[in-house]
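Let's walk through this structure together, starting with a pair of charged side chains and working outward to the whole chain. Have the 3D view open as you read.

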Amino acid sequence: MTGPVLGRRWLGLALAVAANLAAAPTIAQQKPADAKPAEQGQPSQYCTGIANAAADARFTWQKETLAALAKDVEARIG
């Protein structure tokens with residue numbers, strides 16, 4: 001595969017990643033229904049404390065990866 005076919009494939013991949021990015025914040029913010037604050041120990045408190053930072057870092061990485069893929073697609077098309 002070369003030329004336009006490969007470009008369309010990359011474009012499709014980039015669009016799929018973009019769709020996942022749109023869904024990522026809602027997935028990252030979901031909490032388990034059975035978690036009770038009184039029963040949480042140190043490890044779960046730590047995980048709860050860094051969940052937002054981890055989600056932000058993952059979103060930033062995905063955004064940068066998508067931007068790099070988009071540049072690659074544009075370079076291949078052009």
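Asp72 and Arg76 sit 4 residues apart in helix 2, which is about one turn of the helix. An α-helix has 3.6 residues a turn, so residues three or four places apart point the same way. In this predicted model, Asp72 and Arg76 form a salt bridge, with 3.2 Å between the closest N and O atoms. A search of the whole structure turns up 1 salt bridge, so you can take your time over this pair.

How buried or exposed are the two partners? Asp72 has a relative accessibility of 26%, and because buried means under 20% and exposed means over 50%, Asp72 counts as partly exposed. Arg76 is also partly exposed, with a relative accessible area of 43%.

Now follow the helix that carries them. Helix 2 covers residues 42–77. At 1.5 Å a residue, its 36 residues should span 52 Å, and the end C-alpha atoms are indeed 52 Å apart, so the two values agree. Even so, helix 2 is not free of curvature: at Ala51 there is a bend of about 45°.

Which residues of helix 2 are buried? They are Ala55, Leu66, Leu69 and Val73. Thr65, another residue of helix 2, counts as partly exposed because its relative accessibility is 29%. Thr65 also gives you a link to a distant part of the sequence: Ala14 is 51 residues away along the chain, yet the C-alpha atoms of Thr65 and Ala14 are 9.3 Å apart in space.

Finally, step back to the chain as a whole. It contains 2 helices and 0 strands. Of its 78 residues, 10% count as buried. The chain exposes about 6300 Å², and carbon and sulfur atoms supply 62% of that area.

Note on methods: Residues are numbered from 1 along each chain as its sequence is written. This is a predicted model: local features need pLDDT of at least 70, side-chain atom pairs count only at pLDDT 80 or more; totals for chains, interfaces and linings use all residues. Side-chain values use heavy atoms; hydrogens and water are left out. Buried means under 20% relative accessible area, exposed over 50%, partly exposed in between (1.4 Å probe, protein chains only). A salt bridge is a side-chain nitrogen of Lys or Arg within 4 Å of a carboxyl oxygen of Asp or Glu. Accessible areas come from the Shrake-Rupley method with a 1.4 Å probe; for residues, only the protein chains shown count as cover. The expected span of a helix is 1.5 Å times one less than its number of residues. The bend at a residue is the angle between axes fitted to the seven residues ending there and the seven starting there.
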